[in-house]
Structures are given as structure tokens and as C-alpha cells.
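Here is a short note for a colleague who is opening this structure for the first time. Please read the points with the model on screen.

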Amino acid sequence: DHEGESFLVALDKKTGRELWRQKREEGTSWASPLVVEHGGKTQIVTSASNKVRAYDAAKGELLWETTGMTANAIPTPVHKDGVVFLTSGFRGNALQAIRVKDAKGDVAGTPAVLFRYDKDTPYVPSPLLYKGQLYFLKSNTGVITSLDAKDGSVKFSERLEAVPNVYASPLGAAGRVYGA
């Protein structure tokens, strides 16, 4: 998405031929689309300033959407156990957990939205979903927060000593969370 005519396009991986194109009315955003499988179908989830949208990967048709992200969406969504987690943090704070099986049409205010969280969300780093917890870094200030991925309850939120600015996404391995 950019300040011109934004769009999502599917290309044939063997020929480069355009399979479909979906026009998008979005300003600039940098979040990479997320591919999600549900019920035998592939969805492409996009996070952007105006709306989060999911498209049918085969046809490009809009499946579901919602508002609620901040401007300049940069963090890439993550997915686990049928739930998509979306974050943004430029001039505000937004986190949404959306259950894909319940998502149809406009999901705002429906049971498809498992929880929302509006504090200390990331501007640049993507969240980490690791061992049942969602970890994210506050808008480049060195504050890390962890939520229970099932219900959104806060596990902890604390400042990382001597780490004033973090732009890299956290990584989980060997029972630990790493940052650079």
C-alpha cells in the first residue's frame, strides 16, 4: 500500500501472469501480508491504516474486514491456532485478536474479535507468538509486553534496561525471547 493507487495482486509463480488484482483504498503501510489456511481455503490477511482485510487467495474476493489499526501499519500479523494477531503503534496503540473461523464480513464488534488491547503496542517490530504468549515491543522505546494468547490477559510489561530503541522483531527459541 502506498500514497498512490494501492492494490493486492496474485501472480502465477511459473509464468508471472497476473491471476487477479484487488484495488485497495489505503495510504502507506508496510506490513507484509499473512497467508492463513482455514477450512481448506487459503486467506491473505492484510494489515493497514484504514482496515484489516482478508481475501480469498484463489479468487481475490474480500472475506472479512475490520477497522481499528493506527496509521502507518508496519508490524506483520502473526497466526496460531486459528487466531490472527494484528498490531500497530504509530500515534496510538492497537492490537486485535481475530478468530478466523468466525470472521465474515465486517467483524467489528462481533465474537470473531476475541480481544483488543490498546497499550504499548509496536510501531515497527512485528509481534512474536511463542509458547502460548504474544510478545511485543512498545513503539520503539524498549518496553516489552506479554499477553496470554488465549484471552489477552497481561503476563508482564517491563522496560528492557539499556535498550532505548528496538526496531527488530523479537525471536523465540529454546524457551527464551531474544531481541537485537
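**Notes on a buried aspartate and its strands**

1. Start with aspartate 148. Setting aside neighbours within four places in sequence, its contacts are Phe115, Gly132, Ser153 and Lys155. Keep in mind that this is a predicted model.

2. Is aspartate 148 buried or exposed? Its relative accessible area is 16%. Buried means under 20%, so aspartate 148 counts as buried. Its side chain also reaches the backbone nitrogen of aspartate 151, at 3.3 Å.

3. Now place that residue in its strand. Aspartate 148 lies in strand 14, which covers residues 143–148. Strand 14 pairs with strand 15 in the antiparallel sense, over 5 bridges. One pair to look for is serine 146, whose bridge partner in strand 15 is phenylalanine 156.

4. Step back to the sheet. It is open, has 4 strands and follows the order 12-13-14-15. The pairing is antiparallel. Which strands sit at the edges? They are strand 12 (128–130) and strand 15 (154–159), and each pairs on one side only. From one strand to the next, the twist averages 15 degrees.

5. Turn next to strand 8, residues 83–88. It is mostly covered, with 6 of its 6 residues buried. In a regular strand, side chains alternate between the two faces of the sheet. Here both faces are covered. Val83, Phe85 and Thr87 are buried on one side. Val84, Leu86 and Ser88 are buried on the other.

6. What does strand 8 pair with? One partner is strand 7 (residues 78–80), antiparallel over 3 bridges. Valine 78 stands opposite phenylalanine 85 of strand 8. Strand 7 and strand 8 form a hairpin with 2 residues between them. In that turn, aspartate 81 has a positive phi of about 50 degrees.

7. Strand 9 (residues 94–99) is also joined to strand 8, by 6 bridges. These two strands run antiparallel. Valine 84 stands opposite isoleucine 98 in strand 9. This hairpin has 5 residues between the strands. Within the hairpin, arginine 91 takes a positive phi near 55 degrees.

8. Two places deserve a second look on screen. One is aspartate 148, buried and in contact with residues including Phe115 and Lys155. The other is strand 8, covered on both faces and paired with strand 7 and strand 9.

How values were computed: Residues are numbered from 1 along each chain as its sequence is written. This is a predicted model: local features need pLDDT of at least 70, side-chain atom pairs count only at pLDDT 80 or more; totals for chains, interfaces and linings use all residues. Side-chain values use heavy atoms; hydrogens and water are left out. Two strands pair if DSSP finds at least two bridges between them. Axes are lines fitted to C-alpha atoms, for helices over the stretch in contact, and angles run from 0 to 180 degrees between N-to-C directions. Buried means under 20% relative accessible area, exposed over 50%, partly exposed in between (1.4 Å probe, protein chains only). A polar contact is a pair of N or O atoms within 3.5 Å; within protein, one must be able to donate a hydrogen and the other to accept it, and residues adjacent in sequence count only if both atoms are side-chain atoms. Contact means heavy atoms within 4.5 Å.
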